[in-house]
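Subject: Structure for you, with notes

Hello,

Here is the structure I promised, with my notes below it. Please have it open while you read.

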Amino acid sequence: MDLNRADIKADKTFDITVADHKFILPSEKMIINTNDKVMFNVTSKDLTYGFGLFREDNTMMFQMQVLPGHNNDILWHFESPGVYTIRSTEYSGPKGIGMIEKNVVEVID
Amino acid sequence: MNFIQTFMDGEEGLFKPNSLTPMQKMILRFVVVGLVYYLFALVEGMLMRVYQVTPIAAIPPDQYFGMLTAHPLVGIFGSTYSIVFGAFLFLVPFLMSKPLWSIKLANWTCGLIAVGTFTFWFAGFLTHYAPLYTLYWPLPADFTQFSVWGGNIFILGIALIMVGTVFFVLNIFKTIAYTPEGWAKQDGKGLMASALGLSGLKNLFRKNKKEHMVSLPVAAIARGTVDTALNAGIILFTGVLILIYMIAEIAGSSLKHSSIDALLYKNWFWWGLDLIADGLVLIFVAGTWYLLATLITGKKLFMENWARAALFVEMVVSWTVWSHHLMSDQAQPGFLKILSGEMVTAFELITQGLAFFITLITLWSARP
């Protein structure tokens, strides 16, 4: 699905910015309905980061690289309820080790 | 004799350095350098493993990341390059029954790798320059996190290693192609064409096949050395690029990070680095297996012409697989991810699978 993401209409789109080793989210919590197709559009203002969604048991659901000066978007189909944490999945120097946004994505029925 | 005396002079004082030939001294230097940096990598690796379980108070996070950055470079360049270059600077002249083109240049390679490795290691140890071996742009030039002087010295160390590597490449190709003084003129072009696989490729279209002029292990070393040369070029260029940013910073004229496209840089960098990981490593390993199999069995290699062709294919494949490092870069074109990242990468299974199969069948054929 992701390879054809340009042709698929997302039910929701979240624009996220990353700068100075911080995620700047559109809202405190991003609420998604089960079975939604959601586009995460992540922009870096400086370094190369990562954007990954992790389950409560710390397993990874998906991740992508976030390169400055480029569109970095991923389309994901959320099939079941859950709560997810955002982490940077790419090394961006020692200042980047705390790039964790806990439980900021919630998928509800 | 105590331990130190035995260590320096050998068992019962039997190690006599003055009795060694220049070739033997050169190879031993490579072995010693390779082992010293193997020890570095071993100790750093264990420290980092412990740190992963529980942070060590004596190692602050900046030091840990400095270690994390230097460790693979110490292992690949300081240790593995030293051991492999030393081995092949012996093996190529040995297998071709002719002298090495330049022992002096070989010693320069050893010295540059030894000094270069210590230079970047020490810079990382002292200043914690830590953009990781991946050097994803613009992190190497992020002077809010790293010392610009530390970075300069670090990159200088890497550059010294690459110059030493270029000397190795020159020495290997010259040894293959040159005519030693006083010898009958050798067909240098023919030897190189055979070593690189060009004459083998032409043989596919010839009715009267030409004999291969170099042995299979020498062909493997030559083709892996092509990738070694290309990689040295990429890393030297990347190093110069980073140095330009650092020198500008020192001069008080900071260059904008976005002047360089991060995605293009990543493609360039991984194309270059995969020439080590998916290129020279696999080709050198296959060639070494073939040599060992024939030495152990005393027999001709099974499917020798297929093995020779596979070495050429492996070299070409190594130029095309880099996108498997960009599979989660959403800006990377989809056709590159599929063709380069998946399909050609999968082809390595064939080339390496053949190497395994040929080696094992050769060994099997010598069973009592």
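Two residues are in contact here if their C-beta atoms, placed from the backbone, lie within 7 Å. Keep that cut-off in mind for what follows. Please note too that this is a predicted model.

**Where the chains meet**

The contact between the two chains takes 21 residues from chain B and 21 residues from chain A. On the chain B side, α3 (61-96) and α9 (262-297) each supply at least two residues. The largest share of that side comes from α3(B), with three residues. By class, the side of chain B that touches chain A divides into 11 nonpolar, six polar and four charged residues.

**The two domains of chain B**

The domain assignment splits chain B into domain 1 (24-260) and domain 2 (281-368). Their centres, taken over C-alpha atoms, are 22 Å apart. Domain 1 of chain B gives 14 residues to the contact, and domain 2 of chain B gives 15. On the domain 1 side, α7 (198-203) and α8 (216-250) of chain B each supply at least two residues. Helix α8(B) has the largest share of that side, at nine residues. The side of domain 1 that touches domain 2 holds eight nonpolar, four polar and two charged residues.

**The cores**

Which residues touch the most other members of the largest nonpolar core? They are I172(B), I176(B) and A220(B), in a core of 88 residues. Both domain 1 (24-260) and domain 2 (281-368) of chain B give residues to this core, so it lies between them.

Take I176(B) as an example. Leaving aside neighbours within four places in sequence, I176(B) is in contact with V92(B), M96(B), L191(B) and M192(B), among others. A195(B), V214(B), V218(B) and A222(B) are also contacts of I176(B), on that same basis.

Another core lies apart from the 88-residue one. This other core has 22 residues, including V18(A), F51(A), Y84(A) and L263(B).

**A proline to look at**

P217(B) lies in helix α8 of chain B. Is P217(B) buried or exposed? P217(B) is buried, because 25 other C-beta atoms lie within 10 Å, and 20 or more count as buried. Not counting residues up to four places away in sequence, P217(B) touches L91(B), L95(B), G287(B), Y290(B) and L291(B). P217(B) and V92(B) are 125 residues apart in sequence. In space they are 8.4 Å apart, C-alpha to C-alpha.

**The open sheet of chain A**

Four strands of chain A form an open sheet in the order β2-β1-β4-β7, with mixed pairing. Strands β2 and β7 (72-77) of chain A stand at the edges, each with a single partner strand, so one side of each is left without a neighbour in the sheet. On average, neighbouring strands of this sheet are turned by 25° against each other, direction ignored.

Now the pairs, one by one:

- β1 (residues 12-19) and β4 (residues 37-44) of chain A pair in the parallel sense over seven bridges. V18(A) stands opposite S44(A) in β4(A).
- β1(A) and β2 (residues 22-24) of chain A run antiparallel and are joined by three bridges. V18(A) stands opposite F23(A) in β2(A).
- β4(A) and β7(A) pair in the antiparallel sense over six bridges. N41(A) stands opposite D73(A) in β7(A).

V18(A) is worth a second look. V18(A) stands opposite S44(A) in β4(A), stands opposite F23(A) in β2(A), and is a member of the 22-residue core.

The hairpin of β1(A) and β2(A) has two residues between the strands. There, D20(A) takes a positive phi near 50°.

**More strand pairs in chain A**

Strand β5 (residues 49-54) of chain A runs antiparallel to β8 (residues 82-87) of chain A, with three bridges between them. The bridge partner of F54(A) in β8(A) is T85(A). Strand β8(A) also pairs with β9 (residues 100-108) of chain A, antiparallel and over five bridges. There, R87(A) stands opposite I100(A) in β9(A).

Best wishes

Methods:
Residues are numbered from 1 along each chain as its sequence is written. Chains are lettered from A and ligands numbered from 1 in the order in which they are written. This is a predicted model: local features need pLDDT of at least 70, side-chain atom pairs count only at pLDDT 80 or more; totals for chains, interfaces and linings use all residues. Domain bounds come from an automatic or database domain assignment. Ala, Val, Leu, Ile, Met, Phe, Trp, Tyr, Cys and Pro count as nonpolar, Asp, Glu, Lys and Arg as charged, and the others, Gly among them, as polar. A nonpolar core is a set of buried Ala, Val, Leu, Ile, Met, Phe, Trp, Tyr and Cys residues joined through C-beta atoms within 7 Å. A residue is buried if 20 or more other C-beta atoms lie within 10 Å of its own, exposed if 12 or fewer, and partly exposed in between; C-beta atoms are placed from the backbone. Two strands pair if DSSP finds at least two bridges between them. Axes are lines fitted to C-alpha atoms, for helices over the stretch in contact, and angles run from 0 to 180 degrees between N-to-C directions.
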